[in-house]
Amino acid sequence: MERIDLPNLEKLKALNNNHILKIVKDFVSLCKPAKITVITDSEEDIEYVRLKAIEIGEEAILEIEGHTIHYDGFFTMSNHDQARDKKNTRILIPKGEYASPWINTIDREKGLEEIMEIMDGCMKNRECLIRFFCLGPKNSVFSILALQLTDSFYVAHSEDLLYRSGYEEFKNLKGSNEFFYFIHSGGKLAGIPPVTEDLTKRRIYIDLQENRVLSCFNQYAGNSLGLKKLALRLAINKSNNEDWLAEHYFILGIHPKGKNRITYACGAYPSGCGKTATAMLPGQTILGDDIAYLRKWEDGYAHAVNIERGIFGIIKDVNSHNDPVIFEAITTPRETIFSNVLIKDKLPYWIGDGRIIPEEGVNFSGKWRKGKKDTDGIEIPHAHPNARYTIRIEELANADPNLHNPIGVPINGIFYGGRDSDTMPPVVESLNWEHGVFLGATIESETTAQTLGTEGIRNAQPMANLDFIVVPLGNYFKNHQKFGNDLAYPPKVFAMNYFLKSKDNKYLNGILDKLCWVIWAEGRTHGDYDAIKTPIGYIPKYKDLRNLFKQYLNKVYKENEYIEQFSIRIEKLLQKFKRIRANYEKEINIPSFFWDILNQQNSELIEFQHKFEIDEVSPLEIV
Ligand code: SPV
Ligand code: MN
């Protein structure tokens, strides 16, 4: 440990934990940083991270107080570090263990050998920060502690906005190794601002056996921030062995008008499918926008906590009309990191911000001017479609007061969404808990800009969590099944789809219509509305939606809109079930309840087809 000076060593030793000392020793000797700095929970240490991120150019100060800009690496529109890298994110699987075809895996020994070689000396001439966080509220049985080693001040700074500090909590561990740890390095950096030079060495390797993730040669938060999706993957493994849930869920407090109650719901939507926008619906409160841990609670409900305290949100289309609360928060003074947007006169601009786009400025590609092309001849937009903002939830006017409640909040509903242009109606309620697991497991979604690769391809997206599921899918579904079956009051599950299109390819719903689906779902968890039973689940009645549209959006919701949106598209659904069958037959241990539901719904749809002799059955025809 010759690279660490005495005051920093003392900070480590004060934790009385030999596991931490060993991890630091092993990875410092591998990564070879020039300097090691231990960051405690003190304001002084945290301030050091914030200022240094600016000093070394990983972030730059903007006009509005507290605002900074960070860029991730960019070469071309198809070769960049501006999104999650699924290809190079792998689960290390020990020899002889089952490798699920749904999961990107690599033999553990081979993977470790490869990444250790890449990480050898990767922090040369740089400073290694050691940070401690608490995933979940302090003093809570839900929470897991996390140790981060990184040579990126941006990573350490954004983790400070997104997570609760945990140095003092680590002292309570009393020497145990019950924590996750994350080693990250941006690798060799080049340019101004300094970005990862060689993306071919980008690796994100998840070692379930050691509860750790090694990530290198990247800066994008989804690949570099240990605590975000990297920790989610470790938590999914842990929760599946311990009978709780770690999910890609927001937590929303729903406040129906005139009812004097608050109802909590969770929801998972693939990246870029309206998840944060749902968590931020006007008139409601937000407890979390991305990741939740759920446990069975003594009151018979599932309780959920947000393991984060901030939002790393997609900024595209955030404007005063679509997302007034976020727009207000990110255009006024407070600590905020913008990433991969256009800067002109020290102000950030992004796609769909509702303002006039400047003709030139600086963006993720360097100096930018309208019409600029990459070396492949592809036009570079002024801001990246996956550009983001990072803020603390507590700063928002609609922050839920239970954010830090150590027992979380009781969950009445779970929403699963996808980007589906032609099959599922805007909202469908499950028939029971197991059917709810089925609804979540059969979400399909067309790809977006939030992961690398082609956009617009329809994929299975079980629980909108596919990128993070690290256990065989069958085990994961069984864990869900058991979780709800053990509860006196399991949540009702709703499949949501905000992206249904007309035959001439136009979206059928306005951006705020989702508020009506959410309020309807909330009412259903309290028995407020009747519903129509269809082969795929319950759907709303026209009169209830008409009233909700009037009451919440002051909009006339016409009966023909309802019919077009809520018709049961038999042929499309049968095709979907065919795809699902083909997909899930690839996995060895999908539980029998899943196949039973699939078979039953399939035959009910065929019966429907015979009964109505028409392909799209209007909800008004169903009694
Ligand atoms: C998401 O895209 O779902 C995110 C951001 O929450 S990240 O997973 O970090 O890419
Ligand atoms: Mn997410």
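How far is an oxygen atom of ligand 1 from an N or O atom in the side chain of Arg 388? In this predicted model, the separation is 3.0 Å. The tour starts from that pair.

**Stop 1: the ligand and its polar partners.** Select ligand 1 together with Arg 388, Tyr 220 and Lys 229. Besides the Arg 388 pair at 3.0 Å, an N or O atom in the Tyr 220 side chain lies 2.8 Å from an oxygen atom of the ligand. For Lys 229, a polar side-chain atom is 2.6 Å from a ligand oxygen. On its own, ligand 1 has 280 Å² of accessible area, and the protein covers 96% of that area.

**Stop 2: the shell.** Extend the selection to the residues around ligand 1, which include Arg 84, Gly 222, Lys 228, His 248, Ser 271, Asp 290 and Phe 312. By class, this shell has five charged, three polar and two nonpolar residues. The space that ligand 1 takes is the largest pocket.

**Stop 3: the two domains.** Colour domain 1 (6–57 + 79–242) and domain 2 (247–309 + 403–621) separately. Ligand 1 lies between these domains because both give residues to its shell.

**Stop 4: two backbone details.** Most peptide bonds are trans, and most residues other than glycine have a negative phi. Go next to Pro 193, in the loop between β12 (189–190) and β13 (195–196). The peptide bond leading to Pro 193 from Ile 192 is cis, with omega near -5°. Finally, select Met 463, found in the loop that runs between β33 (458–460) and α12 (473–485). Although Met 463 is not a glycine, its phi is positive, at about 50°.

Methods. Residues are numbered from 1 along each chain as its sequence is written. Chains are lettered from A and ligands numbered from 1 in the order in which they are written. This is a predicted model: local features need pLDDT of at least 70, side-chain atom pairs count only at pLDDT 80 or more; totals for chains, interfaces and linings use all residues. Side-chain values use heavy atoms; hydrogens and water are left out. A residue is near a molecule or strand if one of its heavy atoms lies within 4 Å of it. A polar contact is a pair of N or O atoms within 3.5 Å; within protein, one must be able to donate a hydrogen and the other to accept it, and residues adjacent in sequence count only if both atoms are side-chain atoms. Accessible areas come from the Shrake-Rupley method with a 1.4 Å probe; for residues, only the protein chains shown count as cover. On a 1 Å grid over the protein atoms alone, a cavity is a set of points where a 1.4 Å probe fits but cannot get out, and a pocket is an open set with protein on both sides within 12 Å along at least five of seven lines; lining residues have an atom within 4 Å of a point. A molecule sits in a cavity or pocket if more than half of its atoms lie within 2 Å of its grid points. Ala, Val, Leu, Ile, Met, Phe, Trp, Tyr, Cys and Pro count as nonpolar, Asp, Glu, Lys and Arg as charged, and the others, Gly among them, as polar. Domain bounds come from an automatic or database domain assignment. Helices (H or I, at least four residues) and strands (E, at least two) are DSSP runs, numbered from the N terminus.
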